[in-house]
Protein chains: 2
Amino acid sequence: MPRTIELWYEFASTYSYPAAMRAHSSAAARGVHIVWRPFLLGVIFRDMGWTTSPFNEHPAKGAYMWRDMERICAKQGLGFVRPDPFPQNGLNAARVAMALPDDARGAFSRAVYLGQFAQGRDISDQQFLMDTLAQGGHDAPAVWGAAMDDVNKTALRDQTAQAQKLGIFGAPTWRTPDGELFWGNDRLEDALDWIDAAYP
Amino acid sequence: MPRTIELWYEFASTYSYPAAMRAHSSAAARGVHIVWRPFLLGVIFRDMGWTTSPFNEHPAKGAYMWRDMERICAKQGLGFVRPDPFPQNGLNAARVAMALPDDARGAFSRAVYLGQFAQGRDISDQQFLMDTLAQGGHDAPAVWGAAMDDVNKTALRDQTAQAQKLGIFGAPTWRTPDGELFWGNDRLEDALDWIDAAYP
């Protein structure tokens, strides 16, 4: 439990992509273990009164974010294409991530992000998700079946409700074992500094 | 012009406070000069359809921001009290900042931020602003007269319109000489890195 950090992420979220890609190596370099927590940000946005991404709602904010993503991905050496449409529907991807064992969730999630943001794939597409699972060495039909099971759907809904209860309103959000939230890809280092101070 | 960075700030903005307090020393350490650009974020928020701060509009976002401000101020060794009411009316402070010579704007702005966020002062209060000017070695009545002159009021309106035209939608925003925007206190280092690369 100490020296772990929860990464709360939404598959359609742009800034969750560079966060997911660097989370493991950045945290591992500081001896911190990542716990991957997919959730459905759209559900929380709806309760905030938003019907689409704030990046679509506010053109200046959107224009800034797309430029910022280009810069961040260039800096991290990541490919970047703008998803079309945006935001994509990340529900199935999140269900599959939920259904995987804890230690497989990170690699699968990174592969989905690369598909979406580096290769322009549609992450709601079952075939894309099945291929991604197979390439990760999983029994794709078995995982897909588990992902679409009511128990797993409920687990994802519960995890989204938990995010909301924890005060999470955006993605990515980093959460320390003592409950501190740090919102945004650029706050990972602050979260790791917090863990260093709280759990030396 | 090269190796300068514009700091676009709003006096009522919480994250502009730690940004203003560290801007000069962080930039000077890298040989970069700060250009202080006060503007009225409320005008831009109105055009985005908001009637108050998004931190008031969305309770989870507000709760996060107040906790984050506590952490950031503790890390920077800054006092922090929550302004009441929030947001404060920063119009007069912005007018005074506009009326000051370029090289006096930073010190005055920092003093106003400290008054608001470390001492709980009302920054719309004329006496507070006059005292702050006097303590900064200014002829307070003369500066106040210039600040309330129509020419200066128009200059501030124009600067706000320019912010909007540049795509600025939040504060603080850092702007490089080649027009790159970096939004947020935590992005100053990225903006300085950008300047290092563009203007070695």
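This short talk covers the interface of chain A and chain B, and then one arginine in it, B:Arg71.

Keep in mind that this is a predicted model.

Start with the interface as a whole. On chain A, 22 residues are in contact with 22 residues of chain B. Together the two chains bury about 2200 Å². Carbon and sulfur atoms give 53% of that area. On the chain A side, look at A:Lys61, A:Tyr64 and A:Arg71. These supply 26% of the area that chain A buries against chain B, more than any other three residues.

Now the polar side. The rule finds ten salt bridges across the interface. One of them pairs B:Arg67 with A:Glu180, at 2.7 Å from N to O. As for polar contacts, 14 residue pairs are counted between the chains, with both residues at pLDDT 80 or more.

Which elements of chain A supply at least two residues each to the side that touches chain B? Helix H4 (59-76), strand E4 (181-183) and helix H10 (188-198). H4(A) gives the largest share, eight residues. By class, this side has ten nonpolar, two polar and ten charged residues.

Next, B:Arg71. This residue is in helix H4 of chain B, residues 59-76. Is B:Arg71 buried or exposed? Buried, because its relative accessibility is 9%, and the cut-off is under 20%.

What does B:Arg71 touch, leaving aside residues up to four places away in sequence? From chain A: A:Glu180, A:Leu181, A:Phe182, A:Arg187 and A:Trp194. From chain B: B:Tyr64.

Two distances to finish. A polar atom of the B:Arg71 side chain lies 2.7 Å from the backbone oxygen of A:Leu181. Within chain B, the side chains of B:Arg71 and B:Asp68 make a polar contact of 2.9 Å.

Key. Residues are numbered from 1 along each chain as its sequence is written. Chains are lettered from A and ligands numbered from 1 in the order in which they are written. This is a predicted model: local features need pLDDT of at least 70, side-chain atom pairs count only at pLDDT 80 or more; totals for chains, interfaces and linings use all residues. Side-chain values use heavy atoms; hydrogens and water are left out. Helices (H or I, at least four residues) and strands (E, at least two) are DSSP runs, numbered from the N terminus. Buried means under 20% relative accessible area, exposed over 50%, partly exposed in between (1.4 Å probe, protein chains only). Contact means heavy atoms within 4.5 Å. A polar contact is a pair of N or O atoms within 3.5 Å; within protein, one must be able to donate a hydrogen and the other to accept it, and residues adjacent in sequence count only if both atoms are side-chain atoms. Buried area is the accessible area (1.4 Å probe) that two parts lose on being put together, summed over both. A salt bridge is a side-chain nitrogen of Lys or Arg within 4 Å of a carboxyl oxygen of Asp or Glu. Ala, Val, Leu, Ile, Met, Phe, Trp, Tyr, Cys and Pro count as nonpolar, Asp, Glu, Lys and Arg as charged, and the others, Gly among them, as polar.
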